[in-house]
Amino acid sequence: MTSSVTEHYANHLAPIYSWMVGNFDAASSHADRFYSDISLANGDGYIAVDLGCGHGVHSIPLARRGYRVLALDTSSHLLGELNAKVGELPIQTIAADLTKFSDHLGSDSAALIACMGDTLTHLPSIEAVKTLILDAARTLSPSGWLTLSFRDYSHELVGVERFIPVRSDDRRIHTCFLEYQPDTVIVHDLVHTLVDSAWQTSVSAYPKLRLQPDTIVASAESSGFSLAYKQTVREMLYFAFTRTGATNVG
């Protein structure tokens, strides 16, 4: 039986998410390099929106670059972890569905809207993804950026390839099993945890969209964006779109 994304994170992944990601400084430095690669200007107090912010891998470097960050997530656990890191940085954490981000901007426009990690695949349909992109176009400043990343599930793995080791140590083992359907992939998260001297197992599953890169680019272009940057790193696709038409496709 599959869970909703919110249920899956609340009951299964959120408590171990920071462990899954590993060293936070390394992860946030990797995120910051992406913004350097797209030649993102300093924030100068402009607004950046981090959709599905988690525990802040992108929010923290964006705030350090001078942006006022609206960080949205549905997980109170992960928002709590981010709040513990904020300090004096201009980050406002918001417990909300990422598709409702414009409700929290009010009359302001954003200089950057980021939906990174594999967050975009958590939306319920490709129509919802297209609506998110269109909403971003409506709320960004004329020279604003839309940055997206997601895992490429277009190629269907078979047999034992569908078992993906995520992370393990002496006390925990996390493995994913992928079950492919025409438009989605059901992700089964298997977590084995050593409690006292016995191993305990928890399993939960939820759907992710199998997004086609060409569909995302076409949707962005039809919404008034130009593709400015594209990169693939270990099956993760990274895109940056701008309203200015500048290009740096690699």
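**Exercise 1.** Which element gives the largest share of the lining of the second largest pocket?

*Solution.* The model used here is predicted.
Step 1. Start with the space itself: the second largest pocket holds about 210 Å³.
Step 2. List the lining. It has 14 residues, and Tyr46, Tyr67, Ala111, Ser141 and Ser143 are the closest to the pocket centre.
Step 3. Assign elements. β4 and β5 each supply at least two residues of this lining. The largest share is that of β5, with three residues.

**Exercise 2.** Sort the lining residues of the second largest pocket into nonpolar, polar and charged.

*Solution.* Eight residues of this lining are nonpolar and six are polar. No charged residue is found in the lining.

**Exercise 3.** Describe the largest nonpolar core and find which element gives the most to it.

*Solution.* Step 1. Nonpolar side chains tend to be buried together in soluble globular proteins.
Step 2. In this model the largest nonpolar core has 35 residues, of which Val49, Leu51, Ile113, Leu120, Leu146, Phe225 and Phe241 touch the most other members.
Step 3. Elements with at least two residues in this core include the strands β1 (47-51), β2 (68-73) and β4 (110-115), and the helices α6 (126-139) and α7 (213-222). With six residues, α6 gives the most.

**Exercise 4.** List the contacts of leucine 51, leaving aside neighbours within four places in sequence.

*Solution.* Step 1. A contact requires heavy atoms within 4.5 Å.
Step 2. Leucine 51 is then in contact with Leu72, Leu98, Phe101, Ile113, Ala114, Cys115, Met116, Thr119 and Leu132.
Step 3. Apart from the largest core lies another core, of 30 residues, including Phe24, Val69, Ala111 and Trp145.

Conventions:
Residues are numbered from 1 along each chain as its sequence is written. This is a predicted model: local features need pLDDT of at least 70, side-chain atom pairs count only at pLDDT 80 or more; totals for chains, interfaces and linings use all residues. Side-chain values use heavy atoms; hydrogens and water are left out. A nonpolar core is a set of buried Ala, Val, Leu, Ile, Met, Phe, Trp, Tyr and Cys residues joined through side-chain atoms within 4.5 Å. Buried means under 20% relative accessible area, exposed over 50%, partly exposed in between (1.4 Å probe, protein chains only). Helices (H or I, at least four residues) and strands (E, at least two) are DSSP runs, numbered from the N terminus. On a 1 Å grid over the protein atoms alone, a cavity is a set of points where a 1.4 Å probe fits but cannot get out, and a pocket is an open set with protein on both sides within 12 Å along at least five of seven lines; lining residues have an atom within 4 Å of a point. Grid points are joined across faces, edges and corners, and a volume is the space filled by probe spheres set on the points. Ala, Val, Leu, Ile, Met, Phe, Trp, Tyr, Cys and Pro count as nonpolar, Asp, Glu, Lys and Arg as charged, and the others, Gly among them, as polar.
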